[in-house]
Amino acid sequence: MQARKKYIFLTFLASWLLLFFFGGDQLRRFALFAGRKAEARRSWPRWTDRSLLKSFADPEELQRDGDPSLLSPRERRAPPLSVSGAGGCRMETCFDFSRCERHGFKVFTYPQERGQRVSESYGKILRSIERSRYHTPNPEEACLFVLSIDTLDRDHLSGQFVRDVDEKIRGFPLWNGGRNHLIFNLYSGTWPSYSGELGFDSGQAMLAKASFDSRSFRPGFDVSIPLFSKEHPQRGGDGGWLRRGSLPPRKKYLLVFKGKRYLTGIGSGTRNALHHIHNGKDIISLTTCKHGKDWQKHKDTRCDKDNVDYERFDYQELLHNSTFCIVPRGRRLGSFRFLEALQAACIPVLLSDGWELPFAEAIDWGKAAVVGSERLLLQIPSAVRCIHPERVLAFQQQTQFLWDAYFSSVDKIVHTTLEIIKDRLAPHRSRSRFLWNSLPGGLLLLPDFSTHLGDFPFYYLQHGRILPAPAEHGKLRVCHSISLPMLRLIQAVSASQYCAQIVVLWSCEKPPPPSGKWPQSSVPLTIIQGRRKLSDRFFPFEAIQTDAVLSLDEDTSLSTSEVDFAFLVWRSFPERIVGFATQSHFWDAEQGRWGYTSRWTNELSIVLTAAAFYHRYYHSLFTEYLPAGLRELVDGLAACEDILMNVLVAAVTKLPPIKVTQRKQHKEVVARQAECGDGAAGTPPPGQRSPWAPRSAPAGGAQGTAGSRRFSQRQDCLNQLADWFGYMPLVSSQLRLDPVLFKDQVSVLRKKYPSLEKP
């Protein structure tokens with residue numbers, strides 16, 4: 001009996017040991033998983049206990065794995081393998097990828113028929129596409145199609161409602177059941193339910209729709225866009241209201257709302273309850289019943305008092321002076337005040353259950369808005385009060401970034417929509433969550449250039465490679481025979497310890513000299529035959545492999561010391577243009593246009609690319625981001641390409657270029673060129689003499705006439721670029737960087753760059 005008990009005990013012990021060794025790992029995983037879920041439950045809401053994001057997004061969160069909340073927006077919103085959403089459409093089932101393989105992502109807009117009505121907003125959408133780099137006039141090249149029929153307002157009570165859309169689109173030979181079509185819509189449904197119906201069969205077309213209900217939204221196929229008014233600017237747009245050092249995290253009011261109160265019908269429940277949180281001190285909630293034709297029929301006992309209180313406050317003043325703005329649903333889920341709050345740096349508090357937020361596939365709204373519940377309205381004041389001031393400032397910063405990057409104009413809204421669709425065509429090259437939600441924004445980052453953060457100038461210092469020597473690439477544009485100044489320039493650049501290669505862009509009709517005629521250098525020298533276009537200067541040639549590019553003209557005069565010092569400066573500011581000769585712009589109030597000057601003053605906003613460092617990514621941005629029309633403008637106007645490059649870099653970075661020290665003789669050469677016509681134009685304000693105004697008329701003769709024509713073209717170029725961008729992107733500066741002990745009373749022989757001060 002004792003032996004039997006012993007055997008049973010040993011068997012039990014052996015089974016327990018086997019379970020421990022072979023099943024323990026699974027048990028530990030189960031326990032860890034349960035612990036993570038409990039932790040996730042305890043950490044809600046996340047925005048109350050997360051630390052301040054220093055610059056819109058914490059780079060460390062990209063390197064943490066295992067947390068589903070840290071997945072990219074595309075991965076989070078990817079549809080399951082089963083058919084989901086209304087209509088059962090996914091990119092794999094309702095989109096023909098083969099149309100995009102040959103010519104890339106091109107968009108065709110249907111030609112407008114005679115007498116066809118188009119609203120002002122839809123006209124802006126069509127113009128945004130037609131003037132963009134995506135547009136093609138040839139339907140055979142198109143990957144995506146956009147109807148010319150105005151589908152923005154599908155409320156049949158509206159004057160903008162277009163009838164018989166079904167009959168019209170069925171007659172289009174390219175319709176193909178809606179496959180590869182994109183339909184824009186701002187208003188759907190009508191009184192009393194506002195159900196979201198379009199009133200026609202959209203088939204397999206993608207919908208870019210405002211006030212999208214998450215129940216009808218097809219993840220990974222449709223795109224939710226913001227509701228915008230007909231006054232929304234076509235391009236450019238006003239900037240955000242938050243300025244550095246101008247506004248504290250906490251303002252006069254904590255939480256505000258001013259708007260209509262619906263007495264009956266859909267959307268009335270939330271707005272009728274807003275008066276419960278009004279305290280008249282730091283929480284202001286104002287509503288009015290005065291809207292609609294028969295409001296007096298339905299008015300209640302609060303209406304008269306509400307209408308009086310409503311007139312006591314100015315809406316714009318409330319936006320300026322409030323930290324949080326309530327954005328409740330209206331008749332539809334979306335609201336104009338959503339974009340108004342973003343622009344004003346008033347953190348949106350969203351009360352619209354079921355609303356698919358605009359561009360949620362790419363934008364992380366948890367960093368810029370507070371998403372509340374209509375059922376928990378009374379808890380909103382206590383929830384926003386517990387947000388730390390540093391977190392409030394991070395929210396405000398992110399609202400300004402998102403407004404400027406994606407919402408400030410119709411162009412940006414349309415281009416963001418198209419770029420989200422383009423990312424779906426090649427998921428392995430799509431933009432990450434970090435790129436969409438950090439400066440400078442997803443629209444300005446080309447995934448075809450690279451998928452590594454360190455390859456972009458904006459993240460170069462944080463994620464870029466440590467540059468070994470050689471790391472600089474000299475690019476020389478030549479259109480004459482080999483001259484003595486050009487030989488000296490090649491020798492000076494090749495002698496730099498940072499130079500890796502010299503590329504000569506030959507832009508003449510006659511062929512370049514044979515290799516034996518070129519000077520010997522310590523680095524490889526490559527000759528590229530150009531197309532004799534000025535825009536070729538910034539073409540992303542495969543021969544350029546280094547991140548730093550030194551752009552030079554054949555008549556530029558530089559020493560090796562100047563090249564070395566300028567490169568060291570660029571390495572500290574890789575997102576900017578760093579160079580020697582500078583020019584500036586100013587607003588001419590009398591002529592109502594921008595003036596341009598090359599006079600030597602303390603102000604600068606343009607660095608001439610005849611001798612300048614910049615990151616090679618700007619070649620790709622110049623060629624692939626800008627539409628063909630701008631490059632044609634550059635090719636048609638003399639010396640306009642360097643202005644466009646400066647405008648492009650300033651539009652991306654919101655920063656001025658950097659001027660570095662140059663030798664006296666180089667300054668004199670540029671000054672002589674200015675005297676031949678590149679003077680200044682424009683009229684100073686009354687009572688003042690402009691420091692940029694020319695002291696005398698341009699030199700006479702053929703040389704002076706040519707110089708004046710060249711200068712006039714540069715000024716016309718500047719104004720045309722400002723018109724295309726919708727604003728003036730150039731940023732002025734008074735900064736110049738010199739070597740240590742430059743011009744000090746110390747022996748030149750003891751200085752690191754002695755040739756910079758030698759005559």
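Of the 759 residues of the chain, 52% count as buried. The structure is a predicted model, and its secondary structure comprises 22 helices and 21 strands. The exposed surface of the chain amounts to about 36,400 Å², with carbon and sulfur atoms supplying 53% of this area. Among contacts in the chain with a separation of 6 or more, 76% are between residues 24 or more positions apart.

Thr417 provides a case of a residue in the buried part of the chain. This threonine is found in helix H13, which spans residues 410–425. Its relative accessible area is 0%, and Thr417 therefore counts as buried, the limit being under 20%. With neighbours within four places in sequence left aside, the residues in contact with Thr417 are Leu182, Phe184, Ala208, Val223, Ile225 and Phe359.

The structure holds 27 salt bridges. One of these joins Arg261 to Asp306, with the closest N and O atoms 3.5 Å apart. Arg261 lies in the loop between strand S6 (253–260) and helix H6 (268–273), and Asp306 in helix H8 (residues 303–310), so the pair ties together parts of the chain that are 45 residues apart in sequence. Both partners fall under the 20% limit for burial: Arg261 is buried at 0% relative accessibility, and Asp306 is buried at 13%.

A salt bridge is also formed by Asp282 and Arg385, whose closest N and O atoms are 2.8 Å apart. This pair links distant parts of the chain, 103 residues apart. Asp282 is located in the loop between H6 and strand S7 (283–288), while Arg385 belongs to helix H11, residues 380–385. Arg385 has a relative accessibility of 42% and therefore counts as partly exposed, since this class lies between the 20% and 50% limits.

The side chains of Asp642 and Arg714 meet in a further salt bridge, with an N to O distance of 3.2 Å. Here the linked parts of the chain are distant, at 72 residues apart: Asp642 is in helix H20 (residues 641–653) and Arg714 in helix H22 (residues 701–725). Asp642 is buried, with a relative accessible area of 7%, and Arg714 also counts as buried, at 2% relative accessibility.

Salt bridges also occur as a network, which links Arg133, Glu419, Asp423 and Arg431. Helix H13, the location of Thr417, covers residues 410–425, a range that takes in positions 419 and 423 of this network.

Helix H20, the location of Asp642, also packs against helix H18 (residues 617–625). The axes of H18 and H20 are 11 Å apart and make an angle of about 100 degrees. The two helices are therefore roughly perpendicular to each other, because angles of 65 to 115 degrees are assigned to that class. On the H18 side, the contact involves Tyr618, Leu621, Phe622 and Tyr625. These residues meet Glu641, Leu644, Met645, Leu648, Val649, Val652 and Thr653 in H20. The residues of this contact divide into nine nonpolar, one polar and one charged. The charged residue is Glu641 and the polar residue is Thr653, both in H20.

Conventions: Residues numbered from 1 in each chain as written. Predicted model: local features only at pLDDT ≥ 70, side-chain atom pairs only at ≥ 80, totals over all residues. Heavy atoms only, no water. Helix = DSSP H or I, 4+ residues; strand = E, 2+ residues; numbered from the N terminus. Buried < 20%, exposed > 50% of the residue type's maximum accessible area, 1.4 Å probe, protein only. Contact = heavy atoms within 4.5 Å. Areas by Shrake-Rupley, 256 points an atom, 1.4 Å probe, with all protein chains shown as cover. Salt bridge = Lys/Arg side-chain N within 4 Å of Asp/Glu carboxyl O. Axes fitted to C-alpha atoms, helices over the stretch in contact; angles between N-to-C directions. Parallel < 35°, antiparallel > 145°, perpendicular 65-115°, else oblique.
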